[in-house]
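Work through the exercises below with the sequence and the model open. Each task is followed by a solution in steps.

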Amino acid sequence: MGEQENNKTGGGNNAMAVADEASAAAAKEKGRGAADPRLQGISDAIRVVPHFPKPGIMFNDITPLLLRPAVFKDAVDMFVERYRGMGIAAVAGIEARGFIFGPAIALAIGAKFIPLRKPKKLPGDVFSESYVLEYGTDCLEMHVGAIEPGERAVVVDDLVATGGTLSAAIRLLERAGADVVECACLIGLPKFKDFYKLNGKPVYILVESRK
């Protein structure tokens with residue numbers, strides 16, 4: 001969960017490879033489009049809870065989706081189809097609901113899973129990155145040594161609203177030398193469709209948030 005309350009580069013060959021992968025991803029997106037029947041099922045399985053956890057918040061609850069194995073599998077499969085074959089070495093999941101989707105995606109594409117946790121949840125040496133919320137600040141932490149310089153990573157969370165949490169996750173990984181390829185979320189505001197970018201990184205969402 002990140003935002004419900006705010007509803008190694010090299011030479012020319014590397015650049016060409018990244019461009020080719022971006023083109024391939026765009027082609028996948030165009031080919032899949034809104035016509036993919038799995039998207040409607042995913043959207044229908046998300047429940048909107050008004051005024052939770054506080055007045056004015058329209059909470060997108062993914063619990064009903066998790067209770068429907070076929071729909072849950074569809075969501076994971078759509079992310080796996082996008083990232084398989086892209087040389088992703090790590091999937092970084094944001095606490096807490098990024099932990100639901102991230103490990104399944106990582107296992108399916110043969111990548112490691114890196115938990116990005118709230119402060120004082122990880123033992124040992126960590127990188128920390130603070131970010132601003134609507135009413136204060138928060139922080140994400142990651143183990144030192146969890147990712148190697150130049151390794152390609154995808155950041156996963158359940159929902160993107162303002163992008164603050166995802167931006168912090170990108171900065172955290174880049175401080176360790178990671179090459180962040182993209183951010184992936186189950187749900188996002190409409191502005192995050194059509195290859196919206198945060199910190200220069202594309203944001204990929206499956207369905208728009210409901211009101």
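The exercises concern a predicted model and deal with a helix pair and with salt bridges.

**Exercise 1.** Determine how the axes of helix α4 and helix α5 are placed relative to each other, and classify the angle.

Solution. Two packed helices are described by the angle and the distance between their axes. Take α4 as residues 69-83 and α5 as residues 98-109. Their axes come within 9 Å and cross at roughly 50°. An angle from 35 to 65 degrees falls outside the parallel and perpendicular ranges and counts as oblique. The two helices, α4 and α5, are therefore oblique to each other. The handedness of this crossing of α4 and α5 is right-handed.

**Exercise 2.** Which residues make the contact between α4 and α5, and how do they divide into nonpolar, polar and charged?

Solution. On α4, the contact is made by F72, A75, V76, F79, V80 and Y83. On α5, the residues are I100, F101, A104, I105, A108 and I109. Sorting the residues of this contact between α4 and α5 gives twelve nonpolar, no polar and no charged.

**Exercise 3.** Find the salt bridge partner of R47, locate both residues, and state how accessible each one is.

Solution. The partner of R47 is D61, with the closest N and O atoms 2.6 Å apart. R47 belongs to strand β1 (residues 47-50) and D61 to strand β2 (residues 58-61). The pair links distant parts of the chain, 14 residues apart. Buried means under 20% relative accessible area, and exposed means over 50%. R47, at 46% relative accessibility, therefore counts as partly exposed. D61 has a relative accessible area of 8%, so D61 is buried.

**Exercise 4.** Repeat the analysis for E95 and R117.

Solution. E95 and R117 form a salt bridge whose closest N and O atoms are 3.1 Å apart. E95 lies in the loop between β3 (90-94) and α5, while R117 lies in the loop between β4 (112-116) and β5 (126-133), so the salt bridge ties together parts that are 22 residues apart in sequence. With a relative accessible area of 11%, E95 is buried. R117, at 21% relative accessibility, counts as partly exposed.

**Exercise 5.** Is D36 buried or exposed, and to which network of salt bridges does D36 belong?

Solution. The side chains of D36 and R38 meet in a salt bridge of 3.0 Å, N to O. Both D36 and R38 are buried. A network of salt bridges links D36, R38 and E81. For the whole structure, the count of salt bridges is 14.

Note on methods: Residues are numbered from 1 along each chain as its sequence is written. This is a predicted model: local features need pLDDT of at least 70, side-chain atom pairs count only at pLDDT 80 or more; totals for chains, interfaces and linings use all residues. Side-chain values use heavy atoms; hydrogens and water are left out. Axes are lines fitted to C-alpha atoms, for helices over the stretch in contact, and angles run from 0 to 180 degrees between N-to-C directions. Helices (H or I, at least four residues) and strands (E, at least two) are DSSP runs, numbered from the N terminus. Angles under 35 degrees count as roughly parallel, over 145 as roughly antiparallel, 65 to 115 as roughly perpendicular and the rest as oblique. A crossing is left-handed if the near helix is turned anticlockwise from the far one by less than a right angle, and right-handed if clockwise. Contact means heavy atoms within 4.5 Å. Ala, Val, Leu, Ile, Met, Phe, Trp, Tyr, Cys and Pro count as nonpolar, Asp, Glu, Lys and Arg as charged, and the others, Gly among them, as polar. A salt bridge is a side-chain nitrogen of Lys or Arg within 4 Å of a carboxyl oxygen of Asp or Glu. Buried means under 20% relative accessible area, exposed over 50%, partly exposed in between (1.4 Å probe, protein chains only).
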